[in-house]
Amino acid sequence: MFWHQERCRALVLALRKPVSAYHAPADDMKAAMKTRDANRLKPLRAIRARFVNKMKETGADSLSDNDATAVLRSLAKQYSESIEMYEQAKRPDLVASEQAELKIVEIYLPKVADEATTQKWVDEVLAEIGGKANVGRAMGLLMKSRKGAVDPKVAKKLIEDRLQEISRT
């Protein structure tokens, strides 16, 4: 894909009316099929397959935005784990392929909070818990109150760092 095509696609995605997290990948899959863009089509088909499997599990006709986002997060996590395994196996060709697919999946994920905002939320949760703070309890409260807005890896690191600071004082 040429740079101007990617730029136009990003502009179209930014300007189009809000579409549910369930319908956006399906619409983009149709467009990728029409343009015969195999690199975009593979991860879009994986997303669609996950959505269909989730609908079969729940017996619903479509997915809510929360369910679709949860499916997308699990797929992104799977791609991230695959990238780590391929890096350990010294397979740069597969790493590049998985990173490209992860990048496409991340287009449909809602943005997570930055580190400063997450730190503020971590401090609030630790203040709420008080003296009985541990990583598991803090993560549970944080993820329950800020579900979908927090990157779990970043949150866990920040909680561990803050608890170490508290234990030193």
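Modeller: Helices here are DSSP runs of H or I with at least four residues, strands are runs of E with at least two, and both are numbered from the N terminus; on that footing D67 lies in helix 4. The model is a predicted one, in which local features need pLDDT of at least 70 and side-chain atom pairs count only at pLDDT 80 or more, while totals for chains, interfaces and linings use all residues. Residues are numbered from 1 along each chain as its sequence is written, and side-chain values use heavy atoms, with hydrogens and water left out.

Colleague: What makes D67 buried, partly exposed or exposed?

Modeller: Its relative accessibility is 31%, and since buried means under 20%, exposed over 50% and partly exposed in between (1.4 Å probe, protein chains only), D67 counts as partly exposed. In space, the C-alpha of D67 is 9.0 Å from that of A21, although the two are 46 residues apart in sequence.

Colleague: And into which class does R36 fall, and K90?

Modeller: R36, in the loop between helix 2 and helix 3, has 75% relative accessibility and therefore counts as exposed. K90, in the loop between helix 4 and helix 5, is exposed as well, with a relative accessible area of 69%.

Colleague: What is there to say about the phi of R36 and of K90?

Modeller: Phi of R36 is near 55 degrees, a positive value in a residue other than glycine, and K90 likewise has a positive phi of about 55 degrees without being a glycine. Most residues other than glycine have a negative phi.

Colleague: Why are helix 6 and helix 7 called parallel, antiparallel, perpendicular or oblique to each other?

Modeller: Helix 6 (residues 115-129) and helix 7 (residues 135-145) pack at about 120 degrees, with their axes 10 Å apart; axes are lines fitted to C-alpha atoms, for helices over the stretch in contact, and angles run from 0 to 180 degrees between N-to-C directions. Under 35 degrees counts as roughly parallel, over 145 as roughly antiparallel, 65 to 115 as roughly perpendicular and the rest as oblique, so the two helices are oblique.

Colleague: Which residues make that contact, and how do they divide by type?

Modeller: With contact meaning heavy atoms within 4.5 Å, helix 6 supplies W121, V122, V125, L126, E128 and I129, and helix 7 supplies R137, A138, L141 and L142. They divide into eight nonpolar, no polar and two charged, where Ala, Val, Leu, Ile, Met, Phe, Trp, Tyr, Cys and Pro count as nonpolar, Asp, Glu, Lys and Arg as charged, and the others, Gly among them, as polar.

Colleague: What makes helix 7 oblique or antiparallel to helix 8?

Modeller: Their angle is about 135 degrees, with the axes 10 Å apart, which makes helix 7 oblique to helix 8. The residues of this contact divide into nine nonpolar, no polar and two charged.

Colleague: How do you know which residues belong to the largest nonpolar core, and which have the most contacts inside it?

Modeller: A nonpolar core is a set of buried Ala, Val, Leu, Ile, Met, Phe, Trp, Tyr and Cys residues joined through side-chain atoms within 4.5 Å; the largest such core has 24 residues, and L44, I47, F51, L72, V105 and Y108 have the most contacts inside it. Helix 2 (23-35), helix 3 (38-58), helix 4 (65-88) and helix 5 (92-107) each give two or more residues to this core, and helix 4 gives the most, with seven. Apart from it lies another core of 13 residues, among them L126, I129, M139 and I159.
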